[in-house]
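Welcome! Here are a few short exercises, each followed by a worked solution. Take a look at the structure, then try each task before reading on.

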Amino acid sequence: MLLDATDRRLLLALAEDPQRTAVALAAVLGLSRNTVQARLAGLERKGAFLPFERRINPAALGYPLMAFVHVHVHQPALARITADLAEFPEVTEAHGLTGDADILLRVVAADAEDLFRINKQILAVDGVQRCDTNLAMGELIPLRATPLLQSGSQR
């Protein structure tokens, strides 16, 4: 998916104020409302937008703790193990890895005792060999795309 300069300007304007309407975006960018609407629809089709769910803060739901769990698994069972891990509501994200661990989980918890419970559940999944859990002490660089949009590079 390649984005042109207009798409990048549109995304930057949305990153600055995601509440802007198509009319407001058109005014800010010097484009027609129809052009903005067509561009937004095209960006949606291209998969440029993540689901709204990614903007919901787990802390607002009673899960202020976040941890990253490196999971070591029996490789032939990776697909089943991943499906089992997806059943835990506190597992908010999972990535396959190269290196020592096989899966990196982002998990949320109400407190340290809750994190211990979640860790035990992960370890109880058939095929999970071990977990290394790291508590996130604070977010230093939040998820961002603005610097990539501003760099103007297309890869």
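**Exercise 1.** Describe the surface that the protein exposes, and the charges it carries.

*Solution.* Start with the area: in this predicted model, the protein exposes about 10300 Å². Next, look at the atoms behind that area: carbon and sulfur supply 56% of it. Then turn to the charged side chains, of which 16 are positive and 18 negative. Finally, compare where the two sets sit: their centres lie 11 Å apart.

**Exercise 2.** List the helices and strands of the protein in order, and work out why it counts as more spread out than a compact globule.

*Solution.* Begin by counting: the protein has six helices and four strands. Reading from the N terminus, the order is α-α-α-β-α-β-β-α-β-α. Now take the radius of gyration, which is 20 Å, while the globule rule gives 15 Å for 155 residues. The value is well over the rule, so the protein is more spread out than a compact globule. To picture its extent, imagine a box of roughly 55 × 35 × 25 Å along the principal axes, filled by the C-alpha atoms.

**Exercise 3.** Find what share of the residues is buried, and what share of the contacts joins residues at least 24 apart.

*Solution.* A residue counts as buried under 20% relative accessible area. By that cut-off, 29% of the 155 residues are buried. For the contacts, consider those between residues at least 6 apart in sequence: 68% of them join residues at least 24 apart.

**Exercise 4.** Characterise the span that UniProt marks as a domain.

*Solution.* First, locate it: an unreviewed UniProt entry places "domain: HTH asnC-type" at residues 3–64. Second, check its make-up: residues 3–64 are 55% helix and 0% strand. Third, look at the ends of this span, whose C-alpha atoms lie 36 Å apart.

Methods
Residues numbered from 1 in each chain as written. Predicted model: local features only at pLDDT ≥ 70, side-chain atom pairs only at ≥ 80, totals over all residues. Heavy atoms only, no water. Helix = DSSP H or I, 4+ residues; strand = E, 2+ residues; numbered from the N terminus. Rg over C-alpha atoms; globule rule 2.2 N^0.38 Å. Buried < 20%, exposed > 50% of the residue type's maximum accessible area, 1.4 Å probe, protein only. Contact = heavy atoms within 4.5 Å. Areas by Shrake-Rupley, 256 points an atom, 1.4 Å probe, with all protein chains shown as cover. Lys, Arg positive; Asp, Glu negative; His and termini not counted. Charge placed at Lys NZ, Arg CZ, Asp CG, Glu CD. UniProt positions renumbered as here; feature names shortened; annotations may be inferred.
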